[in-house]
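Here are my notes on this model, as numbered points. Please read them with the coordinates open.

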Amino acid sequence: MTAGRRLKHWGWGYEDQAPTAAQLAEAGAGIRARFGFGGEARAAVPLEEVEVRPPRLRRPEAFGDLFSDAKYERVSRALGKAYRDIVRGHRGEFEHPPDLVALPRDCSEVETVLAWAEAEGAAVVPFGGGTSVVGGVEARLGDRPAVTMDLRRLDRVVEVDPTSLAARIEAGATGPRLEGQLRERGLTMRCFPQSFEYSTLGGWIATRAGGHFATKETHVDDLVESVRAVTPRGTWESRRLPASGAGPSPDRLLLGSEGILGAITEAWVRVRPRPEWKAAATVRFERFADACEAVREIVQAGLDPANCRLLEAAEAGLTGAGDGTSHLLLLAFESAHHPVDEALRLALDAAASHAGAGDAPRFTGDGGARSGGAAESWRGAFLAAPYLRDTFVCCGVLSETFETAITWDRLEELHATVVDTARRAVAEISGAPREGRGAPLVTCRFTHAYPDGVAPYFTVLGPAIRGGEVEQWDEIKAAVSAALIDAGGTITHHHAVGRDHRPWYDRQRPAPFAAALRAAKAELDPAAILNPGVLLDP
């Protein structure tokens, strides 16, 4: 957290980034004019008016400032950043606040928190940036007291190995914090999720986060060399190796574990020199099917673009990347070692063979101008989207996303089924028309592309039912989640499971694997104090 600034207690960003009443009113009018829905803007309930239950745990004074029971500390860590979280925070509804917040500064204090909580019969919810959109940090634990353990004080790049191109980084380092320290050495981790500004390395590992690069090392999984975690039964630390065939990987079990096996405290990750050569272009398609085929050919040819993001026409229009008449493919290549002009040319040739019309390429590294146009417009909208959602909530607009991954042979059917299901569900549940002014908007983009498949990411906008937004979205979410699973997709490509995805995750995973995971949990955490209800029942 920047000195002198506090994060909002209910939404995205800092308190001083909240729009004024006049700005909200102007935004509400603009939203209604554009979409035909949205109501009178309403300000969020201020922190001083929020009612929160008293702590059920007494702060142990023997540990100094390791624990806090302050209202702001508890409220600001009570919810994640999903639409249903933003709505409840905006209303001042914090039903499951942690009883205490722990703020450890090193591994020994992490051990202290776990030992004390186990002795008290309390659960511990590991917390990084609080950007979970799946209920991963909300202590929905009934009568059981809970401690949220915020790891952001562990935020250093501890060591860099320039020979092997790796760095040992503490788990509480946010994206800007770790990249700033690596930049001093001319290096980058090259992991930039949309939550980059606030999320942490430990959170990325615990949720198998995906960055915005479209091919090759798309997930944090691809960047992890070894992981260290503190469990209730000892420290878990894997040997640092480039690869190993020695049995199941201990790192793979911690990746995606969402805090149920241990609190991740640091990791060795792969880094690389910062890129100097870049090339980018935008390609327009009249038919979405042609654009999909172009993406497939590019990734199956092994061209490995840094960006290969396909925006449906409506998505391009929504984000300002286009005028809504063409599907857009945003292509970009980069390298720290050599020009990438030829790779871009080959990708453009592939797109042209599928009726794509490319614009003039843009280059850096040779004195050329920096990339702009549709790609820069989209990037700005991408980074601003979480802030804008707060405004949508204030103005009575349902604004949420969901994502999946599917193999190429099943893409067409999944895309058609999911879009139709989402539009129908939003319209029926919200009482909105299916078409025309005021109809809900469901758009799609591809975030990541692989030789064998793609990750479609859907955005939903519609009129919110004031006072019933959570129930409204839960119905829509249930309909689209069932459609994803039934169509052969995954319940999540990079948003994690948390508590919100549990019903569909249980359908997706093999039963013997679930039993094995429960056994590992029981061995490492016999008192079930670590984030109970995520991935597994307590």
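1. A definition comes before the cavities. A cavity here is a set of grid points where a 1.4 Å probe fits but cannot get out. A volume is the space filled by probe spheres set on those points. Rolling a probe the size of a water molecule over the atoms shows where empty space is left. Keep in mind that this is a predicted model.

2. Cavities. How many cavities of 30 Å³ or more are there? The count comes to five. The largest cavity has a volume of about 140 Å³. It is lined by 16 residues, and those closest to its centre are Leu7, Lys8, Lys81, Gly129 and Arg152. The lining is mixed: six residues are nonpolar, six polar and four charged.

3. Threonine 131. This residue sits in the loop between S3 and S4. Its relative accessibility is 17%, and the limit for buried is under 20%, so threonine 131 counts as buried. Beyond its neighbours within four places in sequence, threonine 131 is in contact with Trp12, Lys81, Ser195, Tyr198 and Ser199. Lys81 also appears among the residues closest to the centre of the largest cavity.

4. Helix H3. H3 covers residues 83-91. Is this helix mostly covered or mostly open? It is mostly covered, with eight of its nine residues buried. The buried set is Tyr83, Arg84, Asp85, Ile86, Val87, Arg88, Gly89 and His90. Charged side chains are part of that set: Asp85 and Arg88 are buried, and both belong to a network of salt bridges with Glu138, Arg140 and Asp500. After H3 comes glycine 92, with a positive phi near 85 degrees.

5. Valine 87. This residue lies in H3. Why does valine 87 count as buried? Its relative accessibility is 2%, and buried means under 20%. Apart from neighbours within four places in sequence, valine 87 is in contact with Val393, Glu469 and Val470. Another pairing spans much of the numbering: the C-alpha atoms of valine 87 and glycine 396 are separated by 9.6 Å, with their positions 309 residues apart along the chain.

6. Helix H4. Residues 107-120 form H4, a helix of 14 residues. From first C-alpha to last it reaches 20 Å, close to the 20 Å expected at 1.5 Å a residue. Its buried residues are Glu109, Val110, Val113, Leu114, Trp116 and Ala117. An α-helix has 3.6 residues a turn, so residues three or four places apart point the same way. Which strands do the buried residues of H4 pack against? They pack against S1 (67-68), S2 (100-102), S3 (123-127), S4 (146-150), S8 (224-231) and S10 (263-270). Just after H4, glycine 121 takes a positive phi of about 75 degrees.

7. Threonine 148. Strand S4 holds this residue, and S4 is one of the strands that H4's buried residues pack against. Threonine 148 is buried, with a relative accessible area of 1%. Leaving aside neighbours within four places in sequence, it is in contact with Arg77, Pro98, Leu100, Val101, Ala102, Val125 and Phe127.

8. Salt bridges overall. The whole structure holds 42 of them. Three individual pairs follow.

9. Glutamate 15 and arginine 6. Their side chains meet in a salt bridge at 3.1 Å, N to O. Glutamate 15 is partly exposed at 35% relative accessible area. Arginine 6 is partly exposed, also with 35%.

10. Arginine 156 and glutamate 170. Their closest N and O atoms are 3.1 Å apart in a salt bridge. The pair links distant parts of the chain, 14 residues apart: arginine 156 in the loop between S4 and S5 (157-161), glutamate 170 in strand S6 (166-170). Arginine 156 is partly exposed at 44% relative accessibility, whereas glutamate 170 is buried at 8%.

11. Glutamate 225 and arginine 240. In this salt bridge the closest N and O atoms are 2.4 Å apart. Glutamate 225 is in strand S8 and arginine 240 in the loop between S9 (234-237) and H7 (250-254), 15 residues apart. Glutamate 225 is buried at 8% relative accessible area; arginine 240 is partly exposed at 30% relative accessibility.

Note on methods. Residues numbered from 1 in each chain as written. Predicted model: local features only at pLDDT ≥ 70, side-chain atom pairs only at ≥ 80, totals over all residues. Heavy atoms only, no water. 1 Å grid on protein atoms, 1.4 Å probe; cavity = no way out; pocket = protein on both sides within 12 Å on 5 of 7 lines; lining within 4 Å. Nonpolar A, V, L, I, M, F, W, Y, C, P; charged D, E, K, R; others polar. Helix = DSSP H or I, 4+ residues; strand = E, 2+ residues; numbered from the N terminus. Expected span 1.5 Å × (residues − 1). Buried < 20%, exposed > 50% of the residue type's maximum accessible area, 1.4 Å probe, protein only. Contact = heavy atoms within 4.5 Å. Salt bridge = Lys/Arg side-chain N within 4 Å of Asp/Glu carboxyl O.
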